[in-house]
Amino acid sequence: QVQLVESGGGLVQPGESLRLSCAASGSIFSIYAVGWYRQAPGNQRELVAQIRNGGITDYADSVKGRFTISRDNAKNTVSLEMNSLKPEDTAVYYCNYKVSAGSVVYIYWGQGTQVTVSS
């Protein structure tokens with residue numbers, strides 16, 4: 001089992017920045033990928049950014065150049081630096097860990113943190 005706790009959400013104005021953090025604890029072995037998803041009202045949950053094995057990063061097209069994902073393996077944390085925020089970035093953001101055990105991948109989610117971008 002892996003427990004994920006997010007922090008750093010809030011209300012900001014367009015153009016401002018926020019940093020989300022996720023602290024992981026538990027049986028953290030063979031991590032396949034860590035990342036952030038978001039879900040806005042009425043929309044499906046979507047990938048925002050992730051770091052896969054080997055340090056390969058993936059970003060949603062809508063956040064490329066504005067968001068940066070980073071990972072601290074020693075502290076078991078993953079962060080998302082969000083700059084130049086837009087109203088369309090408003091959503092609940094979820095931390096996500098994918099842990100592999102042989103051929104099986106287990107997916108863990110945090111409880112979510114609200115990000116609201118509004119003037």
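Colleague: Let me start with a single spot: which residue of strand 8 stands opposite Leu-18?

Modeller: That's Met-82. Keep in mind that we're looking at a predicted model. Leu-18 and Met-82 sit where strand 3 (residues 18-26) and strand 8 (residues 77-82) pair up, in the antiparallel sense, over six bridges. Follow the two strands along and you'll also find Cys-22 opposite Val-78.

Colleague: Okay, and how do I go from one pair of strands to the sheet? What is the order of its strands?

Modeller: Just read across from neighbour to neighbour. Here four strands make an open sheet, ordered 1-3-8-7, and the pairing is antiparallel. Strand 1 (2-7) and strand 7 (67-72) are the edges: each has a single partner strand, so one side of each has no neighbour in the sheet. From one strand to the next, the twist averages 15°. As for strand 1, six bridges join it to strand 3, and Ser-7 faces Ser-21 across that pairing.

Colleague: Now the side chains. What should I expect of the nonpolar ones?

Modeller: As a general idea, nonpolar side chains in soluble globular proteins tend to be buried together. In this model the largest nonpolar core has 31 residues, and those touching the most other members are Trp-36, Leu-80, Met-82, Tyr-93 and Tyr-97. So Met-82, which we met opposite Leu-18, turns up here again.

Colleague: Which strand gives the most to this core?

Modeller: Strand 9, with five residues. Other elements giving two or more include strand 4 (31-39), strand 5 (46-52) and strand 11 (113-117). If you want one residue to click on, try Leu-80: leaving aside residues up to four places away in sequence, its contacts include Leu-18, Leu-20, Trp-36, Val-48, Phe-67, Ile-69 and Tyr-93.

Colleague: On to charges. How many salt bridges does the structure hold?

Modeller: Six. A good one to begin with is Glu-46 with Arg-38, whose closest N and O atoms are 2.8 Å apart. Arg-38 also meets Asp-89 in a salt bridge, at 3.0 Å from N to O. That second pair links distant parts of the chain, 51 residues apart: Arg-38 lies in strand 4, and Asp-89 in the loop between strand 8 and strand 9.

Colleague: Buried or exposed: what do we call Arg-38?

Modeller: Buried, because its relative accessibility is 6%. Asp-89 is buried too. Glu-46 counts as partly exposed, at 37%. Arg-38, Glu-46, Arg-66 and Asp-89 are linked in a network of salt bridges. Elsewhere, Arg-52, partly exposed at 27%, forms a salt bridge with Asp-58, the closest N and O atoms being 2.6 Å apart.

Colleague: Last topic, the aromatic rings. How do I describe a pair?

Modeller: Two things do it: the distance of the centres and the angle of the planes. The count here is two aromatic pairs. Tyr-37 and Trp-109 are edge-to-face, 5.0 Å centre to centre, with 75° between the planes. Tyr-37 is in strand 4 and Trp-109 in strand 10 (residues 104-109), 72 residues apart. Tyr-37 counts as buried at 16% relative accessibility, while Trp-109 is partly exposed at 37%.

Colleague: And why is the pair of Tyr-94 and Trp-109 called edge-to-face?

Modeller: Because their planes stand at 90°, with the ring centres 6.4 Å apart. Tyr-94 is in strand 9, 15 residues from Trp-109, and is buried, with a relative accessible area of 14%. Together, Tyr-37, Tyr-94 and Trp-109 form one aromatic cluster.

Technical notes. Residues are numbered from 1 along each chain as its sequence is written. This is a predicted model: local features need pLDDT of at least 70, side-chain atom pairs count only at pLDDT 80 or more; totals for chains, interfaces and linings use all residues. Side-chain values use heavy atoms; hydrogens and water are left out. Two strands pair if DSSP finds at least two bridges between them. Axes are lines fitted to C-alpha atoms, for helices over the stretch in contact, and angles run from 0 to 180 degrees between N-to-C directions. A nonpolar core is a set of buried Ala, Val, Leu, Ile, Met, Phe, Trp, Tyr and Cys residues joined through side-chain atoms within 4.5 Å. Buried means under 20% relative accessible area, exposed over 50%, partly exposed in between (1.4 Å probe, protein chains only). Contact means heavy atoms within 4.5 Å. A salt bridge is a side-chain nitrogen of Lys or Arg within 4 Å of a carboxyl oxygen of Asp or Glu. Rings of Phe, Tyr and Trp (its six-membered ring) pair if their centres lie within 6.5 Å; planes under 30 degrees apart count as stacked, over 60 as edge-to-face and the rest as tilted.
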